[in-house]
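Student: I would like to take a close look at one part of this protein. Could you walk me through a helix and what surrounds it?

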Amino acid sequence: MRAEPMMDYAGKRGVIFGASSFVGKVVASDLVQRGVHLCLLDLQNHVDPDLLQGVQSLGSDGEVISKVVTSGEEDDFIKALDQAVDELGDLDYLICAFYLERGYESQGMDDLNLDSWDQLLGDWVVNTFLVTRAAFPHLAREGGGRIVFFNATTGYTGEGEGEGEVTVEGSILECACSSALTGMMTSIARDIIPEGVSVNGVALGPNYRDDLDRILWATDFWLSGMCDYACGQILRLY
């Protein structure tokens, strides 16, 4: 049974990038029921057309809007974040929940091609950077903004903090993207913590769809401010 949330979220404002992913849907549904005003942000080719209506139907006090952006188009991200802040009133949280869910996990060394690399690195890593850069000025305006990155435990060379067991789950692409997100997140965290914006992450294990309580607990942990002294840290949900 999941514990009660660590803070009262009513009236807070957040953007979820990758809202149509499994994790994005779970986190969006939870936060809006707690009164968070949300912008559901997705790439054009990853939109769930029923997501907005589904989250709105939960019947909470949280306002829900949606925006769509084109992969790799920085102006789209800037425009979408500016519009979201205008409609929501401000921005407290950015949750980067875009996640690999479309068959790349089966691609080994012999299956990879440059198109696969370009698409996934762009969709997942580059766009995560673009949405973070677009959101940062809004998060830093008053200080205290919080960013949470989701990625995969497969980006690490060993399970269990280097016990020597090589990761066998996931594809080369997934591992490369997860490692890139980890390095990018920790570097961004170092750069922007002086502005009062904390950046932390959650790394999902291969059975993350069966781990909803811990996903929500980890999100709550970083958003709540209970651990404000932490920045650039990752909770690994093995």
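Tutor: Here is a tour that begins at helix α1 and moves outward from there.

Keep in mind that we are looking at a predicted model. Helix α1 covers residues 22-33, and a good place to begin is its meeting with helix α6, residues 212-223. The axes of these two helices come within 10 Å and cross at roughly 65°. The crossing of α1 past α6 is right-handed.

Which residues of α1 and α6 meet there? From α1 come F22, V23, V26, V27, D30 and L31, and from α6 come L212, I215, L216, T219 and L223. Sorted by class, this contact has 9 nonpolar, 1 polar and 1 charged residues.

Let's pause on V23, which belongs to the α1 side of that contact. Leaving out residues up to four places away in sequence, V23 touches A97, F150, L204, Y208 and I215. Two names in that list, F150 and L204, come back when we turn to the largest nonpolar core. That core has 75 residues, and V23, V27, F150 and L204 are those with the most contacts inside it. Helix α4, residues 114-140, gives the most to this core, with 9 residues.

Now back to α1 for a charged side chain. K25 sits in this helix and D48 in the loop between β2 (37-43) and α2 (51-56). The two form a salt bridge, with their closest N and O atoms 2.8 Å apart. Because of where they lie, the pair ties together parts that are 23 residues apart in sequence. Are these two partners buried or exposed, or something in between? D48 is partly exposed at 22% relative accessibility, and K25 is partly exposed too, at 30%. As background, side chains of opposite charge can pair when their charged atoms come close.

The count for the model comes to 8 salt bridges, so let's visit two others, taking a salt bridge as a side-chain nitrogen of Lys or Arg within 4 Å of a carboxyl oxygen of Asp or Glu. One joins the side chains of R13 and D92, at 3.2 Å from N to O. R13 is in strand β1 (residues 13-17) and D92 is in the loop between α3 (74-88) and β4 (93-96), so this pair links parts of the chain 79 residues apart. D92 counts as buried, at 15% relative accessibility.

Another bridge joins E87 and K67, whose closest N and O atoms are 2.6 Å apart. E87 is in helix α3 and K67 in strand β3 (residues 64-69), 20 residues apart along the chain. Here E87 is partly exposed, with a relative accessible area of 40%, while K67 counts as buried at 15%.

Let's end with two residues elsewhere in the model. C177 lies in helix α5, residues 172-192, and C177 is buried, with a relative accessible area of 0%. Setting aside residues up to four places away in sequence, C177 touches L120, L121, W124 and V125. The C-alpha atoms of C177 and T154 are separated by 9.4 Å, and these residues are 23 apart along the chain.

S198 lies in strand β6, residues 198-204. S198 is buried as well, with a relative accessible area of 6%. Apart from neighbours within four places in sequence, S198 is in contact with G145, R146, I147, I193, A230 and C231.

Notes
Residues are numbered from 1 along each chain as its sequence is written. This is a predicted model: local features need pLDDT of at least 70, side-chain atom pairs count only at pLDDT 80 or more; totals for chains, interfaces and linings use all residues. Side-chain values use heavy atoms; hydrogens and water are left out. Helices (H or I, at least four residues) and strands (E, at least two) are DSSP runs, numbered from the N terminus. Buried means under 20% relative accessible area, exposed over 50%, partly exposed in between (1.4 Å probe, protein chains only). Axes are lines fitted to C-alpha atoms, for helices over the stretch in contact, and angles run from 0 to 180 degrees between N-to-C directions. A crossing is left-handed if the near helix is turned anticlockwise from the far one by less than a right angle, and right-handed if clockwise. Contact means heavy atoms within 4.5 Å. Ala, Val, Leu, Ile, Met, Phe, Trp, Tyr, Cys and Pro count as nonpolar, Asp, Glu, Lys and Arg as charged, and the others, Gly among them, as polar. A nonpolar core is a set of buried Ala, Val, Leu, Ile, Met, Phe, Trp, Tyr and Cys residues joined through side-chain atoms within 4.5 Å.
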